Amino acid sequence: MSPPPGRALLHRLSHNFCLIYLAAAAAVLLMLPNPAEADASRPQPLHKVTIVGSGNFGSAVARVLGRNVLQHPEHFEPDVRMWVFEEELADGRKLSEVINAEHENVKYLPGVQLPSNVRAVPDLEEATRDASIVIFVVPHQFVPGCKYCM
């Protein structure tokens, strides 16, 4: 007997979120310097993190990375920039402004709070400026359009 459709969906979503969490955590951990190779006399520059993409997957990654960079202030700038393809919502507000004001992607990941250090930026060039870590979380059909902006 198969589980009810709602339960199967919940199981798939929880499994996918675990994969998202592991991928985002691994991305951050891979960028941390090896303590055995670090020169203690020379301070290391702080990484600036940008996420290119703000759909449900990009917002989920932003949630994890936003928390992780705050836990490692010795390695990361506190702000995580998230590039948002600017859209006007049904009530006339811009999606990036809503994300920055409410710390929630009300269109693609409603009901999930983003950390206050995640900042939505509608300009790709501004979002990626001076970033030392750029994580692409865009659907494959939008990748060709992104290469011309970078």
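**Asn105 and its surroundings in the predicted model**

With a relative accessibility of 1%, Asn105 counts as buried, because the cut-off for that class is under 20%. The structure described here is a predicted model. Asn105 lies in the loop between helix 3 (95-102) and strand 3 (118-121). Its side chain makes a polar contact of 2.9 Å with the side chain of Ser59, and the side chain of Asn105 also reaches the backbone nitrogen of Tyr108 at 3.1 Å. Leaving aside residues up to four places away in sequence, Asn105 touches Ser54, Gly55, Ser59, Leu95, Ile99, Pro110 and Leu114. Ser59 thus appears both as a polar partner of Asn105 and in the list of residues that Asn105 touches.

Ser59 belongs to helix 2, where it is buried together with Gly58, Ala60, Val61, Ala62, Val64, Leu65, Gly66, Asn68 and Val69. Helix 2 covers residues 56-71; at 1.5 Å a residue, its 16 residues should span 22 Å, and the end C-alpha atoms are 23 Å apart, which agrees. Val64, a residue of helix 2, has a relative accessible area of 4% and is therefore buried. The C-alpha atoms of Val64 and Pro115 are 8.6 Å apart in space, although 51 residues separate the two in sequence.

The loop between helix 3 and strand 3 also holds His103. The phi of His103 is near 55°, a positive value in a residue other than glycine. Most residues other than glycine have a negative phi. His103 has a relative accessible area of 22% and is therefore partly exposed. A positive phi, of about 65°, is also found at Asp130, which is not a glycine. Asp130 is placed in the loop between helix 4 (124-128) and strand 4. At 58% relative accessibility, Asp130 counts as exposed, since the cut-off for that class is over 50%.

Strand 4 comprises residues 133-136; Ile133 and Ile135 form its covered face, and Val134 and Phe136 its uncovered one. In a regular strand the side chains alternate between the two faces of the sheet. Strand 4 pairs with strand 1 (residues 47-52) in the parallel sense, over four bridges. Within this pairing, Val134 of strand 4 is the bridge partner of Thr50. Val134 is therefore named both on the uncovered face of strand 4 and as a bridge partner.

At the level of the whole chain, there are five helices and four strands, and from the N terminus on the elements run α-β-α-β-α-β-α-β-α. Of the 150 residues, 34% count as buried. The chain exposes about 9500 Å², of which carbon and sulfur atoms supply 60%. Among contacts with a separation of 6 or more, 67% are between residues 24 or more positions apart. The pair Val64 and Pro115, 51 residues apart in sequence, illustrates a large separation of positions along the chain.

Confidence varies along the model. The mean pLDDT of the chain is 80, and 65% of the residues reach 70 or more. Over residues 9-15, pLDDT stays under 50, and the model has zero contacts beyond four places in sequence for this segment.

Note on methods:
Residues numbered from 1 in each chain as written. Heavy atoms only, no water. pLDDT = per-residue confidence, 0-100. Contact = heavy atoms within 4.5 Å. Buried < 20%, exposed > 50% of the residue type's maximum accessible area, 1.4 Å probe, protein only. Helix = DSSP H or I, 4+ residues; strand = E, 2+ residues; numbered from the N terminus. Pairing = 2+ DSSP bridges. Expected span 1.5 Å × (residues − 1). Areas by Shrake-Rupley, 256 points an atom, 1.4 Å probe, with all protein chains shown as cover. Polar contact = N/O pair within 3.5 Å; in protein donor to acceptor, adjacent residues only side chain to side chain.
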